[in-house]
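Trainee: Please give me a close look at a single part of this structure, and then connect it with whatever else can be said carefully about the model.

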Amino acid sequence: MLKESDLQLIEQKGITPDMITTQLNNFNNGFPFLKIESVATVGNGIVAINDQMASQCIARWNDYKAAGGTVEKFVPASGAASRMFKNIFAIVTADKATPETDFEKDFFGNISKFAFYPLLNKACVEMYQKNVTELIEEGHCAQVANALLDAKGLNYGALPKGLLKFHRAAAGTVHTPVEEHLEEGAQYAADKDRNVNLHFTVSPEHRKEFNKILDEKVPLMEKVWGVNYNVTMSEQKASTDTIAVNADNSPYRDAKGHLLFRPAGHGALIENLNEREAQVIFVKNIDNVVPARIRHTTLRYKKVIAGYLVGLQQQVAQYLTMLDEGNAPLAEILEFVENSLFTHNPAAASMDEATLAQYLRNKLNRPLRVCGMVRNEGEPGGGPYLTYNADGSYSPQILEAAQIDASNPEAVQLMKSGTHFNPVDLVCYIKDYKGNKFNLKDFVDYTTGLISEKSKDGVAIKALELPGLWNGSMSDWNTVFVEVPIETFNPVKTVNDLLRPQHQ
């Protein structure tokens with residue numbers, strides 16, 4: 001099936017023929033739905049933190065850093081913002097004179113409130129010799145939209161979210177999400193020497209623009225916050241790209257007969273995360289940021305979930321050391337696994353001591369993450385569940401709707417009964433109890449990928465996504481859900497989300 005030119009291409013990407021075979025098998029066979037024990041709720045897989053516990057967690061986090069603990073912020077930032085402007089692209093395509101839909105009326109009626117408005121005004125004058133107000137009044141809304149999206153204007157239709165002007169800041173300045181993450185890092189992720197490690201995953205074509213912002217802003221922010229930034233970047237590896245297929249699952253080839261490979265979603269970034277060196281790593285989406293004036297709740301709960309993580313890790317390390325020494329209180333450890341890590345195995349009660357000790361060691365000695373969960377108020381996002389593992393145990397997992405069998409009424413009802421969802425607010429511990437790095441790729445559930453419908457040059461094709469970074473790619477981690485306030489979740493899915501009060 002593979003021609004010599006195909007073999008050369010996949011070798012350049014770092015992909016093997018066996019990987020291609022596996023991917024094609026996945027298209028043919030599909031992925032199994034996960035078996036769900038229950039929805040995770042407060043008291044059943046989700047921990048509610050009271051004020052006393054929060055204070056203890058924050059103190060523990062401060063102690064961890066004071067003792068020389070290492071920390072880094074990991075921010076996926078490579079995706080283009082094109083979906084954020086889907087409705088605005090439609091205005092250009094239809095060459096609309098005036099706003100028609102509620103979305104369009106909201107956008108143009110409040111256009112001066114966007115942080116990028118001064119730049120857009122300048123672009124309109126340069127491109128059309130009229131400012132935004134004049135163009136709108138004269139029935140040229142499509143030109144305003146084009147100035148926002150086109151490369152001759154602001155080029156927001158092609159840039160990643162991290163480079164867009166999101167918020168008005170002090171003294172008439174405006175901030176991109178990159179700058180907001182720099183400030184956040186200084187406020188909760190600075191180590192005892194005031195070093196802030198921050199890692200962005202970026203697309204190669206945008207690295208130059210990221211560096212430009214960093215070169216300009218980092219020296220200033222170091223003075224303002226009294227920190228030293230160590231900002232690094234990486235790109236999604238070509239070896240994680242997946243082959244595209246036709247509707248009949250045969251490899252898609254373009255007019256020149258070349259195979260098509262596509263980026264495999266954020267799950268590919270487990271490779272990038274695996275190369276980080278810090279013990280504790282915060283993972284947060286690029287667009288979930290707010291201006292400094294309302295950042296207090298976000299900062300508080302970042303410290304809370306980090307302190308909760310550290311407390312769990314310290315207990316895990318103690319129990320694993322006891323298991324090594326042969327004096328482990330097995331009943332106590334089993335209670336910890338069940339009540340603190342929310343991992344249950346009906347067979348554990350009947351295991352002999354040697355089998356139980358091995359079971360507990362296996363469950364404890366793996367990467368650990370604490371995930372903030374917010375009350376479900378209709379925002380999109382994956383949900384927290386207790387799902388079954390291959391060994392018969394069940395444990396916390398974050399699932400997307402596509403992983404749940406829509407033809408199973410019981411599973412659908414479980415999904416509808418969920419009280420919380422995942423805002424991608426994670427803090428991870430990626431080293432073992434002896435200080436050695438885990439190989440994170442060993443803990444991926446490769447049966448949890450997704451197949452999606454796409455098009456290429458007018459042809460319907462299928463694309464394969466790897467297990468999501470916080471879904472199947474962390475499937476075999478120890479996972480704990482902690483309830484956090486909805487105020488910590490402020491995503492920007494569409495441009496009009498920037499009109500919400502928290503972004504103004």
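Mentor: Before any loop between strands can be named, one convention is needed: helices and strands here are DSSP runs, a helix (H or I) having at least four residues and a strand (E) at least two, and they are numbered from the N terminus. With that in hand, please keep in mind throughout that this is a predicted model.

The part I would start from is Val 424, which is placed in the loop between β15 (420-421) and β16 (425-429). Its backbone has a positive phi of about 55 degrees, although Val 424 is not a glycine. That deserves a second look, because most residues other than glycine have a negative phi. With a relative accessible area of 6%, Val 424 counts as buried, since the cut-off for buried is under 20%. A useful counterpart is Asp 95, which is likewise not a glycine and has a positive phi of about 50 degrees. Asp 95 is found in the loop between α4 and α5 (102-109), but its relative accessible area is 58%, and it is therefore exposed.

From Asp 95 we can step back along the chain to helix α4, where Ile 91 has its place. Ile 91 is buried, its relative accessible area being 1%. Leaving aside residues up to four places away in sequence, Ile 91 touches Lys 96, Glu 104, Phe 108, Cys 141, Ala 142 and Ala 145. The C-alpha atoms of Ile 91 and Gln 143 are separated by 9.1 Å, while the two residues stand 52 residues apart along the chain.

Phe 108, one of the residues that Ile 91 touches, leads us to the aromatic rings. A cluster is formed through ring pairs that link Phe 85, Phe 107, Phe 108, Phe 114, Phe 116 and Tyr 156. The structure as a whole holds 13 aromatic pairs. In the pair of Phe 85 and Tyr 156, the ring centres are 6.1 Å apart and the planes stand at 50 degrees, so this pair is tilted. Phe 85 lies in the loop between β4 (71-76) and α4 (86-94), and Tyr 156 in the loop between α8 (141-149) and β5 (167-168), so the pair ties together parts that are 71 residues apart in sequence. Phe 85 counts as buried, at 0% relative accessibility, and Tyr 156 is buried too, with a relative accessible area of 4%. The rings of Phe 438 and Phe 443, by contrast, meet with their planes at 85 degrees and their centres 5.5 Å apart, so that pair is edge-to-face. Phe 438 and Phe 443 are both buried.

Aromatic rings also take part in another kind of arrangement. Over the ring of Tyr 388 sits the charged end of Lys 35, at 4.4 Å from the centre of that ring. Arg 300, in turn, lies over the face of Tyr 301, 5.9 Å from the ring centre.

The next element to follow is helix α12 (residues 296-325), which packs with helix α9 (residues 177-188) at an angle of about 55 degrees, their axes being 10 Å apart. The two helices, α9 and α12, are therefore oblique to each other, and α9 passes α12 in a right-handed crossing. On the α9 side, Glu 184, Gln 187 and Tyr 188 make the contact, and on the α12 side Thr 298, Leu 299, Lys 302 and Lys 303 do. Helix α12 has another partner in helix α13 (residues 330-339): their axes come within 11 Å and cross at roughly 150 degrees. That crossing makes α12 roughly antiparallel to α13, and α12 passes α13 in a left-handed crossing. Here α12 contributes Leu 312, Gln 315, Val 316, Tyr 319 and Leu 323, and α13 contributes Leu 330, Glu 332, Ile 333 and Phe 336 to the contact.

A last residue to examine is Val 218, which belongs to helix α10 (residues 207-225). Val 218 is buried, with a relative accessible area of 13%. Not counting residues up to four places away in sequence, Val 218 touches Leu 182, Ile 213, Tyr 229 and Val 231. The C-alpha atoms of Val 218 and Leu 182 are separated by 7.9 Å, the two residues being 36 residues apart along the chain.

Conventions
Residues numbered from 1 in each chain as written. Predicted model: local features only at pLDDT ≥ 70, side-chain atom pairs only at ≥ 80, totals over all residues. Heavy atoms only, no water. Phe/Tyr/Trp six-rings, centres within 6.5 Å; stacked < 30°, edge-to-face > 60°. Buried < 20%, exposed > 50% of the residue type's maximum accessible area, 1.4 Å probe, protein only. Lys NZ or Arg CZ within 6 Å of the ring centre and 35° of its normal. Axes fitted to C-alpha atoms, helices over the stretch in contact; angles between N-to-C directions. Parallel < 35°, antiparallel > 145°, perpendicular 65-115°, else oblique. Left-handed = near helix turned anticlockwise from the far one by under 90°. Contact = heavy atoms within 4.5 Å.
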